[in-house]
Amino acid sequence: PGILIIGGSEGGLGRDMTRLALALQENGFSVLHLSYWRAPRQPQILEGVALETFQTGLTWLRAQPEVDPQRTAMMGWSRGTEATQLVAIRDPALKAIVLGMPGNAIFPGFMWEAPWAHYGAPWTWRGDDLAYLDISKVNMFGADTETIYRDILALQDRSPEAMIPIENVPASVLMICGEADDVWPSCPMARKLEKRAAQEGKEDVTLLAHADAGHFAY
């Protein structure tokens, strides 16, 4: 079996995701750890990243002689969970996806050097921007975490166009979140994904919520 693994807002090939990729390899998987932004010759802003980038990675992975092309999965972490779900909707050959600290909506673009700035769509498909959550009116830096999380979740309820239709993912889904996540409300968003899947008749969704885990699940 082969796994395409991607990180999130850290960009490049982050240390934690590299460690995870190596652990999966040690357990018998062939792993392609793919960088898609913030590396040489790649976008320096998480904006306008083509989902075709990940499809190219999956095509390469499936072509490797040691990989069974009928048994491939994709794993994303944090912002990478958005791309993982969006790719899985468009690639029915994926057998499973794993979402670490998942998001249930497409959030706007991001840049570490100016995290307070407002950016456009982080993902494109066939050259078109995908709708995203406009958080420009959420006080991201002057409020406490509980208030920020509450405002983001409330905004999601008013922004159906930015929500990810998990029910359209044909693959089995495993979600992992930490209740002590202080980066974004991954467990509440995971539960929203779980609820939406159940309402739409998608039964192969499993959520593991760890009470004391933070954004990197430790």
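# A tour from the aromatic pairs to the sheet

Begin by selecting F107 and W184, both of which are buried. The model on the screen is a predicted one, and the stops below move from these two rings to the disulfide, the sheet and its helices.

With F107 and W184 shown as sticks, look at how the rings face each other: they form a tilted aromatic pair, with 5.1 Å from centre to centre and 50° between the planes. Colouring the chain by sequence position helps here, as the pair links distant parts of the chain, with F107 in the loop between β5 and β6 and W184 in the loop between β8 and α5, 77 residues apart.

Next, select F110 and W112, whose ring centres are 5.0 Å apart and whose planes stand at 85°, so this pair is edge-to-face. The cut-off for edge-to-face is an angle over 60 degrees. If you add the surface, F110 counts as buried at 17% relative accessibility, whereas W112, with a relative accessible area of 41%, is partly exposed.

Two further aromatic stops deserve a selection of their own. Y36, F54 and W123 form one aromatic cluster, and a search of the whole structure gives 5 aromatic pairs. Then show R90 together with W125, where R90 lies over the face of the W125 ring, at 5.2 Å from the ring centre.

Now turn to the cysteines. Select C177 and C187, which are joined by a disulfide with an S to S distance of 2.1 Å; the count for the model comes to 1 disulfide. Since C177 lies in strand β8 (residues 172–178) and C187 in helix α5 (residues 186–199), the pair ties together parts that are 10 residues apart in sequence. Rotate the view until you look along the S-S bond of C177 and C187: the torsion about it is about 100°, so the disulfide is right-handed. Neither cysteine is exposed, for C177 is buried with a relative accessible area of 0%, and C187 counts as buried at 1% relative accessibility.

From the disulfide, widen the selection to the strands. An open sheet is formed by 6 strands in the order β2-β1-β4-β5-β8-β9, and their pairing is parallel. At its edges stand β2 (30–33) and β9 (205–210), each with a single partner strand, so one side of each is left without a neighbour in the sheet. Seen along the sheet, the twist averages 15° from one strand to the next. To inspect one pairing closely, select β1 and β2, which pair in the parallel sense over 4 bridges; within it, I5 stands opposite H33 in β2.

Keep the strands visible and bring back α5, the helix that holds C187. Helix α5 lies across β5, β8 and β9, and runs at about 155° to β8.

The last stop is helix α3 (residues 80–90), which is mostly covered, with 9 of its 11 residues buried. The buried residues to select in α3 are G80, T81, E82, A83, T84, Q85, L86, V87 and A88. To see what covers them, add the elements they pack against: β1 (2–6), α2 (52–62), β4 (72–77), β5 (96–100), β6 (123–125) and α5. That list returns you to α5, and with it to C187, the cysteine where the disulfide from C177 ends.

Note on methods: Residues are numbered from 1 along each chain as its sequence is written. This is a predicted model: local features need pLDDT of at least 70, side-chain atom pairs count only at pLDDT 80 or more; totals for chains, interfaces and linings use all residues. Side-chain values use heavy atoms; hydrogens and water are left out. A disulfide is a pair of cysteine sulfur atoms within 2.5 Å. Helices (H or I, at least four residues) and strands (E, at least two) are DSSP runs, numbered from the N terminus. Buried means under 20% relative accessible area, exposed over 50%, partly exposed in between (1.4 Å probe, protein chains only). Contact means heavy atoms within 4.5 Å. Two strands pair if DSSP finds at least two bridges between them. Axes are lines fitted to C-alpha atoms, for helices over the stretch in contact, and angles run from 0 to 180 degrees between N-to-C directions. Rings of Phe, Tyr and Trp (its six-membered ring) pair if their centres lie within 6.5 Å; planes under 30 degrees apart count as stacked, over 60 as edge-to-face and the rest as tilted. A charge sits over a ring if NZ of Lys or CZ of Arg is within 6 Å of the ring centre and within 35 degrees of the ring normal.
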